[in-house]
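Here is a short, friendly tour of one protein chain. Have the sequence and the coordinates at hand as you read.

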Amino acid sequence: MKLEGIQSHLLICNGKSCMRGGADHVTNAIRTCIEVEKLTSTVHTTRTLCNGMCKEAPVVIHYPSGQWFTRMTPETGKSLVHALAANEMYIPHLSHTYENDCFRPYHKPRYND
Ligand code: FES
């Protein structure tokens, strides 16, 4: 594979808990969406073993942003790819972000405050 030109790297957990939660379907949905949207030259995927957040399975991690997404489904996997294509942040299943030199839980804005 050619790494030059890749803008996004998705690490898709295929550890036991994630597989029990449907990670194979998430992986296939993400990879198919990347093909359909013609993003293969800019988005790369890698299956990983456990990333240590099994209670939140299935897990997908995006680099270089350092964003972690949890409880992913095939549909949310596709939405994540569409957000990457539009250069937008994908919020609905965002769990952690990388800020100020470490990972931090993402807290969704509350609009009724
Ligand atoms: S198996 Fe995916 S986070 Fe543990």
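The text below goes from the overall fold to the core and then to one buried residue.

This is a predicted model: local features need pLDDT of at least 70, side-chain atom pairs count only at pLDDT 80 or more, and totals for chains, interfaces and linings use all residues. Residue numbers start from 1 along each chain as its sequence is written.

The protein chain has 3 helices and 6 strands, in the order β-α-α-β-β-β-α-β-β along the sequence. Here helices (H or I, at least four residues) and strands (E, at least two) are DSSP runs, numbered from the N terminus. A box of roughly 45 × 30 × 25 Å along the principal axes holds the C-alpha atoms.

Of the 113 residues, 30% count as buried, that is, 20 or more other C-beta atoms lie within 10 Å of the residue's own, with C-beta atoms placed from the backbone. The largest nonpolar core (buried Ala, Val, Leu, Ile, Met, Phe, Trp, Tyr and Cys residues joined through C-beta atoms within 7 Å) has 22 residues. Elements that each supply at least two of its residues include β1 (8–13) and α3 (74–85), while α2 gives the largest share, 6 residues.

Two residues and their contacts (C-beta atoms, placed from the backbone, within 7 Å) follow, leaving out residues up to four places away in sequence:

| Residue | Contacts |
|---|---|
| Val59 | Cys13, Cys18, Asn51, Met53, Trp68, Phe69, Thr70 |
| Gln67 | His62, Leu94, Thr97 |

Why does Gln67 count as buried? Gln67, in strand β4, counts as buried because it has 21 C-beta neighbours inside 10 Å.

Technical notes:
Buried ≥ 20, exposed ≤ 12 C-beta atoms within 10 Å, placed from the backbone.
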